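Thanks for asking me to look over this model. My notes follow as numbered points, so please keep the structure open beside them as you read.

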Amino acid sequence: MRERAMKFGTKAIHAGVEADPATGAIMTPIYQTSTYAQTAPGVHKGYEYSRTHNPTRTALQNALAALENGKHGLCFSSGMASIDAIVKLLKPGDEVVSTNDLYGGTYRLFTKVYADLGIVFRFVDMGDMANVSAAINDKTKLIWAETPTNPLLKIIDIAALAALAEKHKCLLGVDNTFASPFLQNPMDLGADIVMHSVTKYLGGHSDVVMGALVVKDDALHERLAFIQNSCGAIPGPQDCFLVLRGLKTLHLRMQRHSENGKVIAEWLVKHPKVDKVYWPGFPSHPNHVVAKKQMRDFGGMMSFTLKGDNMADATKFLSTTKVFTLAESLGGVESLSGHPASMTHASIPREERLKNGLTDTLIRLSVGLEDAEDLIEDLEQALG
Ligand SMILES: *Cc1c(COP(=O)(O)O)cnc(C)c1O
């Protein structure tokens, strides 16, 4: 089948996956092997050693490349390992312009690991492209964006960033974890590298930790594949199998996440105890127009604050829900709640967090696939 012409749901089920050449098995087998027989030195079937290539991983990498409208996929042992591979494209003295509303672990990797190795990171509010332009200079090699942002659900204009990246001849990398390829394809808007924490929506079942990159450019792929193989942060075949299985329902899951997300966001915003609700689907959201332009729907991630901005109220709420589980992570079938200031974003200094609007009482929801009525009943009792 011509993957280009396929619609998303068909690609989610078929792309990258072929019946097993040895047996005809419909589902890609878990090639639980570290090495492969050679008939003479250097004579083999394209597989030598599983750090370099593994057939289960190859199927997944091809599937992800197709879902992001890219050409090459690369899987890593975690989302962080995939971002780490991108930073390894750089040299001491090179500069990165990054969004300031960033996943805590990415901020930590940039500021606590790579800043010490001589790479310079400039964090700016990418809501205004003038901030990005002002931070770019002739040492800038990478623009790094996350949209929707975590946890404030700001939307960054990917096409506008791509224009800047092209003008200044630097790479544009986009962390597409929150949107998933169902809601947004940064590569279609000009991004050079799309990154996913596969742990989240792509895996979708909270049973795997994995990362992935998708690129179009052959030379860039070659450099990243070299880093993947040289540094060795690869996922095992069992995890690749689980994600291949998860991908087959990605379109159905994202539709339901988005439907439930809309119901919950619209319910929360009317609740007398709720103060602000951050969700890009509201026409009043400051970046709603950009969200509508670059996303197909608005997803199931949102954050909110309670009136009074009282820590005790937020803690009480988070420990009282019964269907929503208080836990790190997002994007699984089950609904999760989180407290970014003490959990996902604890690695960002408090002043830095407050500057960006991430208050101590902010609550983040990953709305799952349960029945919306049950989710609302749970929120109602926890707010009461
Ligand atoms: C979870 C997450 C990451 C890190 O991915 P891991 O798989 O946990 O290493 C990066 N970016 C975003 C937006 C995330 O939510």
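Which side chain meets Lys-293 in a salt bridge? Asp-157 does, with N and O 3.0 Å apart. Please keep in mind throughout that this is a predicted model.

1. Let me begin with the overall layout, which sets the scene for that pair. The protein is divided into domain 1, residues 8–247, and domain 2, residues 250–383. Their C-alpha centres lie 26 Å apart. Each side brings a good list of residues to the contact: 42 from domain 1 and 42 from domain 2.

2. Next, the area between the domains. Domain 1 and domain 2 bury about 3500 Å² between them, and 60% of that is on carbon and sulfur atoms. If you want residues to look at on the domain 1 side, try Ile-155, Leu-183 and Tyr-201. These three supply 22% of the area that domain 1 buries against domain 2, more than any other three residues.

3. Now back to the charged and polar side of this interface. The rule finds one salt bridge across the interface of domain 1 and domain 2. Polar contacts between the two domains come to 20 residue pairs, counting pairs with both residues at pLDDT 80 or more. On the side of domain 1 that touches domain 2, four helices each supply at least two residues: H1 (8–14), H4 (104–114), H7 (180–183) and H9 (237–247). By class, that side of domain 1 has 23 nonpolar, 15 polar and four charged residues.

4. Salt bridges deserve a point of their own. The count by this rule comes to 10. One to display is Asp-94 with Lys-141, whose closest N and O atoms are 3.2 Å apart. This pair links distant parts of the chain, since the two residues are 47 residues apart. Asp-94 sits in the loop between helix H3 (79–87) and strand E2 (95–99), whereas Lys-141 belongs to strand E4 (residues 140–146). As a general reminder, side chains of opposite charge can pair when their charged atoms come close.

5. The loop between E4 and helix H6 (158–167) is worth a careful look, and Pro-148 is placed there. A cis peptide bond joins Thr-147 and Pro-148, with omega about -5°. Pro-151 lies in the loop between E4 and H6 too, and a cis peptide bond joins Asn-150 to this proline, with omega about 10°. Leu-153 is also found in that loop. Phi of Leu-153 is near 55°, a positive value in a residue other than glycine.

6. Finally, a sheet. Five strands form an open sheet in the order E8-E9-E12-E11-E10, with mixed pairing. Why is one side of strand E8 and of strand E10 left without a neighbour in the sheet? Strand E8 (274–278) and strand E10 (325–326) stand at the edges and each has a single partner strand, so one side of each has no neighbour there. For E10, pairing with strand E11 (residues 336–338) is in the parallel sense, over two bridges. To find one of the residue partners, start at Leu-326: its bridge partner in E11 is Ser-337.

Notes
Residues numbered from 1 in each chain as written. Predicted model: local features only at pLDDT ≥ 70, side-chain atom pairs only at ≥ 80, totals over all residues. Heavy atoms only, no water. Domains from an automatic or database assignment. Contact = heavy atoms within 4.5 Å. Buried area = accessible area lost by both parts, 1.4 Å probe. Salt bridge = Lys/Arg side-chain N within 4 Å of Asp/Glu carboxyl O. Polar contact = N/O pair within 3.5 Å; in protein donor to acceptor, adjacent residues only side chain to side chain. Nonpolar A, V, L, I, M, F, W, Y, C, P; charged D, E, K, R; others polar. Pairing = 2+ DSSP bridges.
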